[in-house]
Amino acid sequence: MKTNFVGRKVIIRGDRSGVFFGTLVEKDGKEVALSNCRRLWYWDGAASISQLATEGTVKPNNCKFTVTLDEIVITDAIEIIPCTDKAIASIEGVREWKMQ
């Protein structure tokens with residue numbers, strides 16, 4: 001099955017690298033490039049990344065989503081989930097989690 005999510009906001013699950021949210025720029029095997037990307041280090045208010053990609057979070061103040069990177073390449077992508085408009089608004093509305 002070939003599905004092209006290039007240009008869409010997606011959640012990527014890496015085998016060892018973690019979970020990321022951003023715009024899919026390119027995919028080649030397990031290697032993906034994202035723009036405007038955040039690592040989703042910890043989330044609350046969604047049972048899984050599938051729910052996060054479809055509904056977003058109902059507890060944005062409890063989430064730990066990192067600063068936004070202009071671009072990133074992830075070399076171990078094992079799951080790509082396209083996000084709904086509702087989820088995009090929710091995820092982008094979570095304040096950046098960073099050390100002060």
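The protein chain exposes about 6,200 Å², of which carbon and sulfur atoms supply 48%, with accessible areas taken from the Shrake-Rupley method with a 1.4 Å probe. This is a predicted model, in which local features need pLDDT of at least 70 and side-chain atom pairs count only at pLDDT 80 or more, while totals for chains, interfaces and linings use all residues. Residues are numbered from 1 along each chain as its sequence is written, and side-chain values use heavy atoms, with hydrogens and water left out.

From the N terminus on, the elements of the protein chain run β-β-β-α-β-β-β-α, where helices (H or I, at least four residues) and strands (E, at least two) are DSSP runs. Buried residues, meaning those under 20% relative accessible area with a 1.4 Å probe and protein chains only, make up 39% of the 100 residues.

In the largest nonpolar core, a set of buried Ala, Val, Leu, Ile, Met, Phe, Trp, Tyr and Cys residues joined through side-chain atoms within 4.5 Å, there are 16 residues, and those that touch the most other members include Ile-11, Phe-21 and Leu-40. Each of the following elements supplies at least two residues of this core:

| Element | Residues |
|---|---|
| Strand S2 | 19-28 |
| Helix H1 | 49-55 |
| Helix H2 | 85-92 |

Apart from this core lies another, of eleven residues, among them Val-10, Leu-24, Leu-34 and Ile-74. Not counting residues up to four places away in sequence, Phe-21 touches, among others, Val-10, Ile-11, Cys-83 and Ile-91, contact meaning heavy atoms within 4.5 Å.

Notes
Buried means under 20% relative accessible area, exposed over 50%, partly exposed in between (1.4 Å probe, protein chains only).
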